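Student: Please take me closely through a single part of this model, and set it in its surroundings with whatever bears on how the backbone and the confidence values should be read. I would prefer one connected account to a list.

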Amino acid sequence: MKIIKNRLRSKMSDDFLADLMTVHIEKNIVDTIDSDSVIDEFYGLGKSSPPRFSFLVPSLESMTAKPGLRSLAAVSYTSLSLSSPSKPLSRSRSHSLIHSPPKRISTPNAHHLFDKTPHRDPFEYTRLLFHYTRNDRNHDAISLFVAASRAGLPVNGPVLSSVAKACGSLRDQVVGRQVHCQCVKSGLGEDVSVGSSLVDMYMKSSEGVVEGRRVFDEMRERNVVSWTSLISGYAWNGWNEQALELFTEMQASGSMANPFAYVAVLGVLADEGSVGKGEQVHGMVVKNGYVAITFVCNSLVNMYFKSGMVSEARAVFDGMECRDEVTWNTLIAGYVGNGLELEAFEMFYLMGLAGVKFTQLVFVTVIKLCASYEELGFARQLHCRVLKSGLESHRNIETALLVAYSKCREMDDAFNMFSMMQGVKSVVTWTAMISGYLQNGGTEKGVKLFCEMSREGVRQNDFTYSVIIMAHPFISISQVQAQVIKTNYEKSPSVGTSLIDAYVKTGSIPEAEKVFQTIDEKDIVAWSAMLAGYAQIEDAVGAIKIFLQLTRKGVRPNEFTLSSIINACAGPSATVEQGKQFHACSIKLRLNNTLCLSSALVTMYAKMGNIESANEVFKRQGERDLVSWNSMISGYAQHGQGNKVLEVFEDMRTQNLEIDGITFILIISACTHAGLVDEGKRYFKMMVQDYHIDPTMGHYSCMVDLYSRAGKLEKAMNLINSMPCTADANVWRALLGACRVHRNLELGKLAAEKLISLQPQDSAAYVLLSNIYAAAGNWQERDKVRRLMNERKVKKQPGYSWIEVKNKTYIFLAGDVSHPLSDHIYSKLDELNNRLKDMGYQPDTDYVLHDVEEEHKAAFLYQHSERLAIAFGLIAKPPRSPIQILKNLRVCGDCHTVIKLISVIEARDIVVRDSNRYHHFKNGLCSCGDYW
């Protein structure tokens, strides 16, 4: 109050009363000084003041004597009925009226009394206005201001400042701009308090940021409240760079920041992750003595946590003299945000021991932790604690409990929570319940709930649509998309990404592309989803095109984006160099050691024929999960290195990983391609007996393939007959392929019939059966099968091979003469053919399944696509450099023999990837051991 007395004693103007009240209305001061104390100060000053202040005494006495707004303030909040007194009220009587216990009556009554009050004192009106704004009765404050304006009462700085503050709290810029006009009209726009309130009012809305800065720039005098209002507004609206620049400008102007300014700046630095600047601001906080203020320390804790500096955040927390609920909430949320969930649980426990009341926010945070860890027991305990605390009606807590029960697969409890919620359920609650059903196998119930949500009139949001799209095929993707378009969510990244994922899973890549193009602001998840779609169909060209668009947009790829593009580069249409380039990109971005990306690299190198590089990446992995081990096992299996597969698997078993059924499919498949029948049987038995994994159709298909390739067709048939489920197409296809190799006509016919009945449009069944007849010399039956294919319009995929030379891919069909160097290619083949004959090679015409003469059969073999590709590679690539070709079908036995001999003649390493596996030819030998 000394400050107030000094200002009173130094003020000579008759209208200093308005200036004095301006001091009290300033932000953060008006909330700590009682208006009555101001009146008391006026009263005392007037009585003891020198003659120049003597005019105060009658004005203050008349203020206590009149039954105007001073009495109205009491009448508005009490049940007292005051009539005009016949004599002035005593000062003590007036004071008792003002401090009577509040009993709220309706605002219309207050305004009615105001309209009927014969003496409308401006000071009493101002006091009532202050009371409204202090107690967040902002609508009442604005209504009172309008009524007073209609009554012709004059306005002053404190009034306009209070009304602007009320408009800011209500985010009402329409009335706020009218108040601004009134400020300009009355000449009070340059008042520092009014200007600060206008800045604060504009900055509380994103549409008013520019206007708020304009008001600030036009202020001739600024104080710490003016600066703080603008800085806080910038921070609130996400204009972080401007907030930091303004804070620096404030320091340079000599205006010392208050605690609220530091809180705003620390919030900006937390969002920006600017640790260095945050530490500097921390030093300024300590220097200015604000380190003892709890809410400032709370902001410091939050800033350090968001910057990943957990120990520094904990040090600030430990050094705090006084902690409130916000402090503990910030600490617990900070631990959760940094992946330290167990520490968050510990802090929750310590919070209870400290006697701090659990808030709604901390309950929600810890319940979400229970959901993440699927801690059903603890979630139930927290539910009980919520009931005891009387917070059970908070919708956020109810929804968090619902999600926790869903995550713990207690859908009955989750639905009970949902059903017991009072009032209208929010879209968040509906979405959480639908998501719970979809994640726990209750897809039909989820879809029904989605339909009920529409009937209840609850408008779905983008998250709802993102969730319900997962319900395919119980719900039509196109119908959901139509509703998405109708509700204007088609440009939402989350909805678009879900639609892309759904279309990709159904193989509708063109539809996924259309959705992708409609998304306005594509986030990294949307880009990654589209890349994953191209990877699924092994379209390296399309994936690279999308990746180039991503980089041109300035989007920084993450490990998931790069893993998707690398998976696409593992497809047969990709070149070896493309995968290497993206590997280099991952190294440049320092993402190559991330788990998902390194596993993708192992798969890519293995599929591209470079099993040594795959192994090098695998060995460098600092951390490995099940996917990493499976990738390496799959790589060795594809390359026919069955013994290496078993070595890696035994190493894997020592890591105490939870091995799943996919691993055993890979193991048995590796045994199949290496001819390790006994080992395959042993691992199948181990899976069932030691790991308690129930065999799936995939496991049975591998076992049938294992027996069939080894010529144990009877055992394969016995297994099929003893299976607990009906054999699918993969089982019969494996048996049919083996019957063709081992020329078992009767069993082949049975397998072909079963396969055709399951997949009548699959050309493999017809081709294999016709080949069995052809190998047996039964051309009539072979022709019948071919005619059946024509009648059913089943088209056989033509065999072709391709080779990459100087980053360009060349494709060859059997007998192809379209290549510009065709003459040179056939000349090279003639040369090779002569040298093969010198080595004693004789064509195996059993692999020619056409009814022609023997010499023509040899010509057919001579022109197979893999031989053309190898001949071109020998011409186009430097001497002794390795050659790698790919073929879409299984390489024939005669070509397999020829390529072994070519590796000797040309002294070349030749790698052939066919539809089954990789063949590494070197010095006349193949890695498959002639078993494929």
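**A close look at one helix and some unusual backbone positions**

Tutor: His692 is exposed, because its relative accessible area is 64%, a value over the 50% cut-off for that class. The model is predicted, and His692 has a positive phi of about 55° although it is not a glycine; it is found in the loop between α41 (677–689) and α42 (697–709). Glu374 also has a positive phi of about 55° without being a glycine, and its place is in the loop between α22 (360–373) and α23 (376–389). Glu374 counts as partly exposed, because its relative accessibility is 38%.

The part to examine closely is helix α11, which runs over residues 173–185. At 1.5 Å a residue, its 13 residues should span 18 Å, and the C-alpha atoms at its ends are 18 Å apart, which agrees with that expectation. The buried residues of α11 are Gln173, Gly176, Val179, His180 and Cys183. Around the axis they cover an arc of only 110°, which means that they lie on the same side of α11. The spacing follows a general rule: an α-helix has 3.6 residues a turn, so residues three or four places apart point the same way. On the face of α11 turned away from this buried side sit the exposed residues Val174, Gln178, Cys181 and Lys185.

As for what lies over the buried residues of α11, the cover includes α10 (157–169), α12 (192–203) and α13 (209–218). Following α11 comes Gly187, whose phi is positive and near 80°. In contrast to Gly187, Glu374 and His692 are not glycines.

A further backbone feature is the peptide bond from His472 to Pro473, which is cis, with omega near 10°. Pro473 lies in the loop between α28 (462–468) and α29 (477–486).

Finally, the confidence values: the protein averages a pLDDT of 81, and 86% of the residues score at least 70. Over residues 1–113, however, the pLDDT is below 50, although this stretch has 156 contacts in the model beyond near neighbours in sequence.

How values were computed
Residues numbered from 1 in each chain as written. Predicted model: local features only at pLDDT ≥ 70, side-chain atom pairs only at ≥ 80, totals over all residues. Heavy atoms only, no water. Helix = DSSP H or I, 4+ residues; strand = E, 2+ residues; numbered from the N terminus. Expected span 1.5 Å × (residues − 1). Buried < 20%, exposed > 50% of the residue type's maximum accessible area, 1.4 Å probe, protein only. Arc of directions from axis to C-beta. Contact = heavy atoms within 4.5 Å. pLDDT = per-residue confidence, 0-100.
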